[in-house]
Amino acid sequence: RAASMLLLEGVALTDSGRPVLAPEELELRILEKTDAEFGERRGGLVSAPDERYRGGIAFLTTHRLIWLDQPALPSPGRSCSLHLSRVTSASPVPLKMFGSRTKRHALRCSANGGLGPSDEAGELRLAFRGESPESFARCLDDALVNRAWRNEQNPPNSNRTPNRATTQTQTRNGVPSFPRGRSAYDAAASRSAPPPPPPPPP
């Protein structure tokens, strides 16, 4: 039996390299210069397990924590996602007096159940090497409390087929959990946009 590890789902991207969201899924926070750390047991995509994914973008939505492989964009590279329903607890990692000053946030996660026999519960640590993560962490805590996915008809780990009529997506590293939709910014723009002009008279 292969070694057990915390496995994550792939991410569908638009041609410009942004994650494709579900209709009910909204962007909350984005933070660059973020590592995803899995520890000695390794983790991440089933096709590319590692101890650490470096130099990415942490992309938080109402439903998922997405790690974007920034050097590979607009291709997916090792971009991956964790549905927030899998998170059983989240807390900052205390800094050691003589250790690294990099701020980290630890997420205890349950197994996905559909990513293969090696998938197991574990811990994902986000290492923030850029700006302060306090605002990002607050948004994460709020998302875990609000549980916006509870009202969905489909279970959170169901794999839906991308809607190619609305966007071309890249899914080289596994089927994404949410393959279509728009961001909070797109939704706000559509609400503020003027109505289309009436058709000309015949």
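These legends accompany a set of close-up views of one predicted model.

**View 1. The open sheet and its two edges.**
Seven strands make up an open sheet, and their pairing is antiparallel. Reading across it, the order is β6-β5-β4-β2-β9-β8-β7. Strands β6 and β7 stand at the edges with a single partner strand each, so one side of each has no neighbour in the sheet. From one strand to the next, the twist averages 30 degrees. As general background, strands of a sheet pair through backbone hydrogen bonds, in either the parallel or the antiparallel sense.

**View 2. Strand β8 and its two partners.**
Let us zoom in on strand β8, which spans residues 103-109. It is mostly covered, with five of its seven residues buried. On one side, β8 runs antiparallel to strand β7 (residues 87-92), and five bridges join the two. If you would like landmarks for this pairing, A90 has L107 as its bridge partner in β8, and V87 has C109. Strand β9 (residues 122-128) also pairs with β8 in the antiparallel sense, here over seven bridges. A landmark for this second pairing is H105, whose bridge partner in β9 is L126. As you follow any regular strand, keep in mind that the side chains alternate between the two faces of the sheet.

**View 3. The largest pocket.**
Which residues lie nearest the centre of the largest pocket? They are E37, F38, G39, E123 and R125, out of a lining of 15 residues. The space inside this pocket comes to about 250 Å³. Two elements, β8 and β9, give two or more residues to its lining. Strand β9 supplies the largest share, three residues. For anyone thinking about the chemistry of the lining, its residues divide into nine charged, four nonpolar and two polar.

**View 4. The second largest pocket.**
Here the volume is about 150 Å³. The lining is made of P92, V93, L95, K103, R104, H105, F128, P133, E134 and A137. Both β8 and helix α1 (134-146) give two or more residues to this lining. The largest share, three residues, comes from β8. H105, met above as the bridge partner of L126, is one of the lining residues here. By class, the second largest pocket is lined by six nonpolar, three charged residues and one polar residue.

**View 5. An aromatic cluster around F38.**
The model holds three aromatic pairs. In one of them, the ring centres of F38 and Y53 are 5.4 Å apart and the planes meet at 75 degrees; since planes over 60 degrees apart count as edge-to-face, this pair is edge-to-face. The pair links distant parts of the chain, 15 residues apart: F38 belongs to the loop between β2 (27-37) and β3 (43-44), and Y53 to strand β4 (residues 52-61). Are these two residues buried or exposed? Both F38 and Y53 are buried. Together with W67, they form one aromatic cluster. F38 also takes us back to View 3, being among the residues nearest the centre of the largest pocket.

**View 6. Backbone details in the loops.**
This view collects some backbone geometry that you may want to look at. Most peptide bonds are trans, and most residues other than glycine have a negative phi. The bond that joins L73 and P74 is cis, with omega at about 10 degrees. P74 is in the loop between β5 (64-68) and β6 (80-83). R42 has a positive phi, near 70 degrees. It lies in the loop between β2 and β3 and counts as partly exposed, at 36% relative accessibility. R147 also has a positive phi, near 50 degrees. This residue is found in the loop between α1 and α2 (184-192), and with a relative accessible area of 34% it is partly exposed.

**View 7. S47 and L7.**
Our last stop is S47, in the loop between β3 and β4. With a relative accessible area of 52%, S47 is exposed, since the cut-off for that class is over 50%. How far apart are the C-alpha atoms of S47 and L7? They are separated by 9.6 Å, while the two residues are 40 residues apart along the chain.

Conventions. Residues are numbered from 1 along each chain as its sequence is written. This is a predicted model: local features need pLDDT of at least 70, side-chain atom pairs count only at pLDDT 80 or more; totals for chains, interfaces and linings use all residues. Side-chain values use heavy atoms; hydrogens and water are left out. Buried means under 20% relative accessible area, exposed over 50%, partly exposed in between (1.4 Å probe, protein chains only). Helices (H or I, at least four residues) and strands (E, at least two) are DSSP runs, numbered from the N terminus. Two strands pair if DSSP finds at least two bridges between them. On a 1 Å grid over the protein atoms alone, a cavity is a set of points where a 1.4 Å probe fits but cannot get out, and a pocket is an open set with protein on both sides within 12 Å along at least five of seven lines; lining residues have an atom within 4 Å of a point. Grid points are joined across faces, edges and corners, and a volume is the space filled by probe spheres set on the points. Ala, Val, Leu, Ile, Met, Phe, Trp, Tyr, Cys and Pro count as nonpolar, Asp, Glu, Lys and Arg as charged, and the others, Gly among them, as polar. Rings of Phe, Tyr and Trp (its six-membered ring) pair if their centres lie within 6.5 Å; planes under 30 degrees apart count as stacked, over 60 as edge-to-face and the rest as tilted. Axes are lines fitted to C-alpha atoms, for helices over the stretch in contact, and angles run from 0 to 180 degrees between N-to-C directions.
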